Amino acid sequence: MKIIIINGPNLNLLGKREPEVYGSTTFPDYFLQLQQAYPQIDLEYYQSNIEGELIDKIQEVGFSYDGILLNAAAYTHTSVGIGDAVKAISSPVIEVHISNTFSREAFRHQSFISANAKGIIIGFGMKSYELALQSFL
Ligand code: DQA
């Protein structure tokens with residue numbers, strides 16, 4: 001089973017960025033733990049701070065991979081383009097957020113991805129990715 005985690009802007013700073021909100025683990029460290037815990041899954045990771053690059057990656061993998069865990073970060077709340085890309089592809093997308101976006105500022109309550117996601121996992125810290133991954137098993 002081939003699954004990719006796609007992370008959007010500023011998630012390359014996990015571990016250093018607002019640790020009270022996002023925790024103190026770096027994503028590469030967490031990703032290694034996931035790979036070790038789920039050796040039966042062919043798991044990939046991609047991160048970009050650039051909206052168009054995220055769209056390119058969604059299009060590239062979106063007709064052949066078994067699933068996409070997408071944390072589009074701030075673009076979740078602004079990007080019609082990423083929302084349209086999720087709608088255009090055939091691979092199922094789980095929208096993931098580390099923090100509970102609904103307990104934060106009002107602008108984080110809107111998502112251009114949710115309507116076309118297979119499911120949404122929000123607010124369980126880094127564990128949100130693992131819960132989303134388990135939904136494919
Ligand atoms: C986030 C929530 C977004 O509102 C924010 O812009 C992020 C991270 C999360 O995982 O909690 O960068 O997607």
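Mentor: A polar contact is a pair of N or O atoms within 3.5 Å. The model before us is predicted.

Trainee: How far is an oxygen atom of the ligand from an N or O atom in the side chain of histidine 97?

Mentor: Histidine 97 is one of the residues around the ligand. An N or O atom of its side chain faces a ligand oxygen atom, and the distance between the two is 2.8 Å.

Trainee: Which residue has a polar backbone atom 2.7 Å from an oxygen atom of the ligand?

Mentor: Backbone atoms also take part. A polar backbone atom of alanine 74 is 3.2 Å from a ligand oxygen atom. The value of 2.7 Å belongs to a polar backbone atom of isoleucine 98.

Trainee: What share of the ligand's exposed area does the protein bury?

Mentor: The ligand, taken alone, exposes 320 Å². Of that area, the protein buries 99%.

Trainee: How many residues in the shell around the ligand are polar?

Mentor: The shell includes Arg17, Tyr22, Asn71 and Thr101. By class, four of its residues are nonpolar and two are charged, while the number of polar residues is five.

Trainee: Why is one side of strand E2 and of strand E5 left without a neighbour in the sheet?

Mentor: The open sheet has five strands in parallel pairing, ordered E2-E1-E3-E4-E5. Strands E2 (42–47) and E5 (119–122) stand at the edges, so each has a single partner strand.

Trainee: Which residue of E4 is the bridge partner of leucine 69?

Mentor: Strand E3 (residues 67–71) and strand E4 (residues 93–97) pair in the parallel sense over three bridges. In E4, the partner of leucine 69 is isoleucine 94.

Terms used: Residues numbered from 1 in each chain as written. Predicted model: local features only at pLDDT ≥ 70, side-chain atom pairs only at ≥ 80, totals over all residues. Heavy atoms only, no water. Pairing = 2+ DSSP bridges. Helix = DSSP H or I, 4+ residues; strand = E, 2+ residues; numbered from the N terminus. Near = heavy atom within 4 Å. Polar contact = N/O pair within 3.5 Å; in protein donor to acceptor, adjacent residues only side chain to side chain. Areas by Shrake-Rupley, 256 points an atom, 1.4 Å probe, with all protein chains shown as cover. Nonpolar A, V, L, I, M, F, W, Y, C, P; charged D, E, K, R; others polar.
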